[in-house]
Amino acid sequence: MGSPRIIMKLIVAGVHDEPGDVRVIELRHPRKPLLPPFEPGSHVDVHLPDGKVRQYSLCGDPEDLSRYTIAVKRETDGRGGSAWIHDTIAAGAELPVSAPRNHFPLRECDGPVLLLAGGIGITPILAMARALCRQRKTFELHYFSRSRSLAPLLGTLEKIIGSESLRLHFDDQVETRQDIHSLLLARPGGAQLYYCGPPGFMAAVAQASGHWPDGTVHFEAFQPPARDDAPPEPFTIVLRNGTVVPVPADESALSAIRAAGVLLMASCENGVCGTCECGYLEGQPIHRDAVLSNDARDRRFIPCVSRATGVLKLDL
Ligand code: FES
């Protein structure tokens with residue numbers, strides 16, 4: 001897996017539209033026949049002209065390194081990145097893209113795999129399903145959408161996955177609807193769960209899988225979970241060398257750490273990409289990210305969005 005610092009100027013080799021206001025973009029290297037390898041669940045950072053960075057899952061075939069494929073849903077109330085891509089990007093355009101990174105890997109396991117996708121959350125799940133098919137693993141993919149006509153990448157999915165593994169759930173087809181709580185009530189055969197989708201879907205799956213054992217539930221979110229309305233409080237960070245870094249209520253821990261002279265990489269600054277992740281040694285963090293598993297929260301911290309109570313000693 002390549003370093004996120006490597007930025008490649010890739011060429012848009014093809015663009016097509018999918019249902020649900022989704023644009024699929026195929027990227028190739030201008031000179032090299034092969035791009036850096038990636039695993040299912042990986043994403044790339046796309047660097048926009050205004051300096052902002054957006055993360056998009058790679059939904060193509062990891063065995064075909066002649067191209068990367070991303071799918072971008074136009075978010076009308078988003079931060080403008082998807083609208084720029086939809087309105088500007090055409091075949092032949094140049095797009096600065098990072099090497100792939102993976103915070104959502106498929107883990108080795110003997111038991112079955114349960115994949116759940118809501119809408120555009122199908123992008124990393126599609127790459128996982130493709131890999132599981134190839135490995136001849138037992139899995140089930142449940143794809144939730146408001147209707148068949150709004151489900152992106154469904155045609156690709158139906159070509160790759162046999163009907164024995166694919167379950168489609170459309171809000172406008174009562175007979176296909178599936179209650180997420182009853183789906184996740186039991187954990188068949190010690191299954192591992194992977195899920196991705198919009199915030200409401202993420203919250204529903206998180207709640208319905210709350211009783212699954214630690215280490216069996218894996219997810220990728222596009223946005224951090226809704227925050228409580230409590231105003232942020234100031235707190236203090238202590239670095240490994242003893243430097244004390246006050247974090248005012250109106251500043252992020254990331255910004256305070258950087259102001260103290262620590263070089264810490266960041267990308268989304270929204271708690272979803274994991275670039276700024278670091279360890280902590282002591283203290284009580286208030287986790288507000290959408291990256292860390294429950295296990296990881298005992299020792300890892302996402303300073304672009306998370307805060308703490310009192311004093312937090314970081315492993316920096
Ligand atoms: S920069 Fe993306 S999670 Fe912090």
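The following questions and answers concern aromatic pairs and one helix in a predicted model.

User: How many aromatic pairs are there, and which kind do Phe38 and Tyr68 form?

Analyst: The count comes to four aromatic pairs. One of them joins Phe38 and Tyr68, whose ring centres lie 5.7 Å apart with 85° between the planes. Because planes over 60 degrees apart count as edge-to-face, the pair of Phe38 and Tyr68 is edge-to-face.

User: How many residues apart in sequence are the parts that Phe38 and Tyr68 tie together?

Analyst: Phe38 and Tyr68 are both buried. Phe38 belongs to the loop between β2 (22-28) and β3 (43-47), whereas Tyr68 is in strand β5 (residues 68-73), so the parts that this pair ties together are apart in sequence by 30 residues.

User: Which kind of aromatic pair do Tyr195 and Phe219 form?

Analyst: The ring centres of Tyr195 and Phe219 are 5.6 Å apart, and the angle between their planes is 35°. Since stacked planes would have to be under 30 degrees apart and edge-to-face planes over 60, the pair of Tyr195 and Phe219 is tilted.

User: Is Phe219 buried or partly exposed?

Analyst: Its partner Tyr195, in strand β10 (residues 192-197), has a relative accessible area of 4% and is buried. Buried means under 20%, and Phe219 in strand β11 (residues 217-221) has 23% relative accessibility, so Phe219 counts as partly exposed.

User: Within what arc do the buried residues of helix α5 fall?

Analyst: The buried residues of α5 (residues 199-208) are Phe201, Met202, Val205 and Ala208, while Gly200 and Gln207 are exposed on the other side. Seen down the helix axis, the buried residues line one face of α5, because they fall within an arc of 140°.

Key: Residues are numbered from 1 along each chain as its sequence is written. This is a predicted model: local features need pLDDT of at least 70, side-chain atom pairs count only at pLDDT 80 or more; totals for chains, interfaces and linings use all residues. Side-chain values use heavy atoms; hydrogens and water are left out. Rings of Phe, Tyr and Trp (its six-membered ring) pair if their centres lie within 6.5 Å; planes under 30 degrees apart count as stacked, over 60 as edge-to-face and the rest as tilted. Helices (H or I, at least four residues) and strands (E, at least two) are DSSP runs, numbered from the N terminus. Buried means under 20% relative accessible area, exposed over 50%, partly exposed in between (1.4 Å probe, protein chains only). The arc is that of the directions from the helix axis to the C-beta atoms.
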